[in-house]
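This report goes through one protein model, from a helix and its surroundings to charged pairs and confidence. Please keep the sequence and the 3D view open while reading.

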Amino acid sequence: MKRIANYLIVMALAVLTFTSCEDIPSPFGQIVAPKADDGVVIEPSGKGTLAAPYNVAGALEFIAGLGADVQSPTDVYIKGYVTTITEAFGTQYGNATFEISDTKEGANKFLCYRVKYFGGQGYSDPSATNIKEGDEVIICGKVVNYKGNTPETVSNAAYVYSINGKGGGTTPDPGGDTGDTKGKGTQDDPFNIAAAIKKCQEVGETASTEKYYIKGIVVKGGTVSGGYGNLTFTLGDTKDATDVFTAFQVAGTDGEKLADGYKVPAGAEVVVYGPVLNYKGNTPETAGKSAAQIVTVNGKKTNEGGDNPPAGGNDGSLEKPFTPAEANAFIATLAADTNTDKDYYIKGKIIEITDKNQFSTQYGNCTFYISDDGTDKDDKFYVFRTLYLENVKYSDDSWTKPAAKDEVIICGKLVNYKGNTPETVANQSYIYSLNGKTKK
């Protein structure tokens, strides 16, 4: 009897023990493969372009091919649903951090880390559309496999292209579309820029076989240089547009090579004609290598002269030095804070040199402005910390110091400082000649 009682006690304890274990969760959680609502694992899809954005699974697969902490070489487009929001858009920092998934329930997860607002702009209007869980978004930008284990966007190098189909892509309009598309792409009815961009998105990354007429306002101008005979600039539907089309390596009206020094200024109304494409899925432009051409600039053909130089214009060489205005126009086409690879020559007359900026044996350089006639004007050029004749530092007070109205030729590297100040690179230029004199 005692043995039976002991057996019953042991069995009761065993039952209690197994019952309690059912209520204790696994310390490692439950690992489940990402599935759609119907239980099917979601496969990677998309090409990372606007026309065919990656789904989240596709983005994860793409990023897995990158090395740890290696950023993608180009922007990619990723489409998904907002599932978890760490920080919504705010006006203090202008960006947001959240996760997107292939389903609203969270199949696959990708971290959108400090992404900017529409058009790559900072979020500045608290009344503008914000993200919320369940929104379908398209993200555009650089991605990285952070520390080799966290696929995410590069901080502040990506933006929300659209929210629930709205947003305007590269237009920082908080609720609108890309703008009204107008025109048929014909000579009599050219595309506006919104229509040109739409056509490029339809065409994809391979240049169209058909040519189109496109009309817009120059947002960022350019000047021909280096003897290449073509020109690159951007067009918008307004002069300050952020939704732009790139006229890439376009030739003259009759397909002729453009002379060095030929320029298309910001604010000009331009018509271009040629095949188009959406380069790398994110840059609407004309096909390069002079496959497209400028039809008119402010209604004038490129071979009609006007303010632009004829064939054989100045190219920044010693034989054909830039004027101050030409130097400014050329440098305006350069990327911000990137020095030119080679030296250029600029000819003009000194406007004024203050005692503070005059040559001295202490620093050995000099800073001043030049213009074509030595008078202060808008197209004057900034010569910053240039060296003396024969490319040496000023070291002898018996040497002749330059003065106002002196004619000089400057030789050296050029830079678009901060993207808004054309000038010589500090201590990498020198006075080639001073009133015709080239020796100390």
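A residue is called buried when its relative accessible area is under 20%, and exposed when that area is over 50%. The model described here is predicted.

**Helix α3 and what follows it**

By that cut-off, the buried residues in α3 are Ile193, Ala194, Ala195, Ala196, Ile197 and Cys200. Which strands do the buried residues of α3 pack against? They pack against β6, β8 (231-236), β9 (245-250), β12 (276-279) and β13 (283-286). Cys200 has 0% relative accessibility and is therefore counted as buried. After α3 comes Gly204, which has a positive phi near 90 degrees.

Thr209 sits in the loop that runs between α3 (193-203) and β6 (212-220). Is Thr209 buried or exposed? Its relative accessibility is 86%, so Thr209 counts as exposed. Along the chain Thr209 and Pro275 are 66 residues apart, yet their C-alpha atoms are separated by 6.4 Å.

A further loop, between β8 and β9, holds Asp240. Asp240 has a relative accessible area of 61% and is exposed. From Asp240 to Ile217 the distance is 8.9 Å, C-alpha to C-alpha, with their positions 23 residues apart in sequence.

**Cysteines**

A disulfide is a covalent bond between the sulfur atoms of two cysteines. How many disulfides does the count give? The count is zero. Among the cysteines, Cys112 has a relative accessibility of 0%, so Cys112 is buried; Cys200 has 0% as well and is also buried.

**Salt bridges**

Side chains of opposite charge can pair when their charged atoms come close. Searching the whole structure gives nine salt bridges, including those in the table.

| Salt bridge | N to O distance |
|---|---|
| Glu202 and Lys199 | 3.4 Å |
| Asp343 and Lys413 | 3.0 Å |
| Lys380 and Asp376 | 2.9 Å |

Why are Glu202 and Lys199 separated by about one helical turn? Both are in helix α3 and they are three residues apart, so about one turn lies between them. Glu202 is exposed, its relative accessible area being 52%.

The salt bridge of Asp343 with Lys413 has its closest N and O atoms 3.0 Å apart. Asp343 belongs to the loop between α4 (324-331) and β15 (344-350), whereas Lys413 is in strand β18 (residues 407-417), so this pair ties together parts 70 residues apart in sequence. With 34% relative accessibility, Asp343 counts as partly exposed.

In the pair of Lys380 and Asp376, the side chains meet at 2.9 Å, N to O. Lys380 is partly exposed at 26% relative accessibility, while Asp376 is exposed at 55%. Asp372, Asp373 and Lys377 are joined into one network by salt bridges that share partners.

**Confidence**

The protein has a mean pLDDT of 83, with 86% of its residues at 70 or more. Where does pLDDT stay under 50? It does so over residues 1-39, for which the model has 13 contacts beyond four places in sequence. Residues 168-178 also have pLDDT below 50, and this stretch has 36 contacts in the model beyond near neighbours in sequence. Where pLDDT is low, the predicted coordinates should not be read in detail.

Terms used: Residues numbered from 1 in each chain as written. Predicted model: local features only at pLDDT ≥ 70, side-chain atom pairs only at ≥ 80, totals over all residues. Heavy atoms only, no water. Helix = DSSP H or I, 4+ residues; strand = E, 2+ residues; numbered from the N terminus. Buried < 20%, exposed > 50% of the residue type's maximum accessible area, 1.4 Å probe, protein only. Contact = heavy atoms within 4.5 Å. Disulfide = S-S within 2.5 Å. pLDDT = per-residue confidence, 0-100. Salt bridge = Lys/Arg side-chain N within 4 Å of Asp/Glu carboxyl O.
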